[in-house]
Amino acid sequence: MRKFMRALAVGIALVLVGVGGMARATEDPGRVVGGVRAPQGIYPWLARLSMGCGGSLVAPSVVLTAAHCVAGTGPETRIQALFGTVDLASTDATVVNSASVYRAPDYTTAGKGNDWALIKLARPLSFPVVKLEPSVVGAGPFRVMGWGATQEGGEQQRYLLHANVPYVDDTTCGKLYTKFGYSFVPAAMLCAGVVGTGGIDTCQGDSGGPMVAVDTAGAWRQVGIVSWGVGCARPQFPGVYTEIADYYQSIQSAITALS
């Protein structure tokens, strides 16, 4: 799916600025496009979901993901969320079932916006939560992470990889997509990638995962949700993310209702 929903992986490339400013210059076994392995414990709020998407713990019993990742809502939708490890083969991970799913009520397709959903977990967790960014962001770099494919059509990776990805302004991103007939909703979408070069992007299997930035206090804030794009890491198509700021109040209200 990509127009290709990114429900399978992170494909990224950049320069690693230490663990605080990742990149993808280093070739590492099981890497995401240009990415590097993430150290254990760096993202304690990160979830891997059983349908092959990512998510983030935004309240002790609530996970934020993409609407296109969840096929249905309510208690009949069964999802498992995995926390606490960078290695999907680890036996030390914490696994918890869903109790119900809430999908943005106006969601139709990722290309039209509203691509967010919440998963109510069967029990609260003691892991830290990630804070959501309420303000519109106009600069990067951002950080992305996931277990997805390292190239278009690739397979899920065993180890979590992460990378920094640069900001692409709405005007530039919108022109690139609408030029080829794709929809783009500036207020609802946030773009990141290396225009003209490519090589850094999320990919299949990374859908629903967080895109984060460091705030003035040095803490992670989630600014986006991996949503969609055309291909993976293509020079003319930056990755498109659900912009948290546009849905902040709606998401927070839904979190409160589910908590």
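Here are some notes on the predicted model shown above, taken point by point.

1. Overall make-up. The protein chain is built from two helices and 17 strands. It has 259 residues, and 57% of them are buried. The accessible surface is about 10,100 Å², with carbon and sulfur atoms supplying 53% of that area. If you like contact statistics, take the contacts between residues at least 6 apart in sequence: 71% of them join residues at least 24 apart.

2. The barrel. A good place to start looking is the set of six strands that close into a barrel. Going round, the order is E3-E4-E5-E8-E7-E6, and the pairing is antiparallel. From one strand to the next, the twist averages 40°. Helix H2, residues 244–258, packs on this sheet and touches E4 (54–59), E5, E7 (94–103) and E8. The direction of H2 makes about 25° with that of E8.

3. Strand E3 and its neighbours. E3 covers residues 46–49 and has both faces covered. Leu46 and Arg48 are buried on one side, while Ala47 and Leu49 are buried on the other. Three antiparallel bridges pair E3 with E4, and within E4 it is Gly55 that stands opposite Ala47. E3 also pairs with strand E6 (residues 80–83), again in the antiparallel sense, over two bridges. There, Leu49 has Ala81 as its bridge partner.

4. The hairpin of E3 and E4. Four residues sit between these two strands. Gly52 in this hairpin takes a positive phi near 95°.

5. Strand E8. In E8, five of five residues are buried. Ala117, Ile119 and Leu121 make up one covered side, with Leu118 and Lys120 on the other. You may want to click on Lys120, a buried residue that stands opposite Val62. That contact point belongs to the pairing of E5 (residues 62–65) with E8 (residues 117–121), which is antiparallel and runs over four bridges. E7 pairs with E8 as well, in the antiparallel sense over five bridges. Arg103 has Ala117 of E8 as its bridge partner.

6. Backbone points to check. Which residues other than glycine have a positive phi? One of them is Asn114, with phi near 60°. Asn114 is in the loop between E7 and E8, and its relative accessible area of 17% is under the 20% cut-off, so Asn114 counts as buried. Ala233 is another residue with a positive phi, about 60°, although it is not a glycine. Ala233 lies in the loop between E16 and strand E17 (239–243), and because its relative accessibility is 14%, Ala233 also counts as buried.

7. A cis peptide. The bond between Gly140 and Pro141 is cis, with omega about 0°. Pro141 belongs to the loop between strand E9 (131–132) and strand E10 (142–146). If you script a check on omega, this bond is the place to look.

8. Aromatic rings. How many aromatic pairs does the structure hold? There are eleven. Ring pairs link Tyr177, Phe180, Tyr182, Trp228 and Phe237 into a cluster. When going through such pairs, keep in mind that the distance of the centres and the angle of the planes describe a pair of aromatic rings.

9. Trp228 in that cluster. Trp228 is placed in strand E16, residues 220–228. Is Trp228 buried or exposed? Its relative accessibility is 0%, so Trp228 counts as buried. In sequence, Trp228 and Met189 are 39 residues apart, yet their C-alpha atoms are 9.9 Å apart in space.

10. A charge over a ring. Arg37 lies over the face of Tyr159. The distance to the ring centre is 3.8 Å.

Notes. Residues numbered from 1 in each chain as written. Predicted model: local features only at pLDDT ≥ 70, side-chain atom pairs only at ≥ 80, totals over all residues. Heavy atoms only, no water. Phe/Tyr/Trp six-rings, centres within 6.5 Å; stacked < 30°, edge-to-face > 60°. Lys NZ or Arg CZ within 6 Å of the ring centre and 35° of its normal. Pairing = 2+ DSSP bridges. Axes fitted to C-alpha atoms, helices over the stretch in contact; angles between N-to-C directions. Contact = heavy atoms within 4.5 Å. Buried < 20%, exposed > 50% of the residue type's maximum accessible area, 1.4 Å probe, protein only. Areas by Shrake-Rupley, 256 points an atom, 1.4 Å probe, with all protein chains shown as cover.
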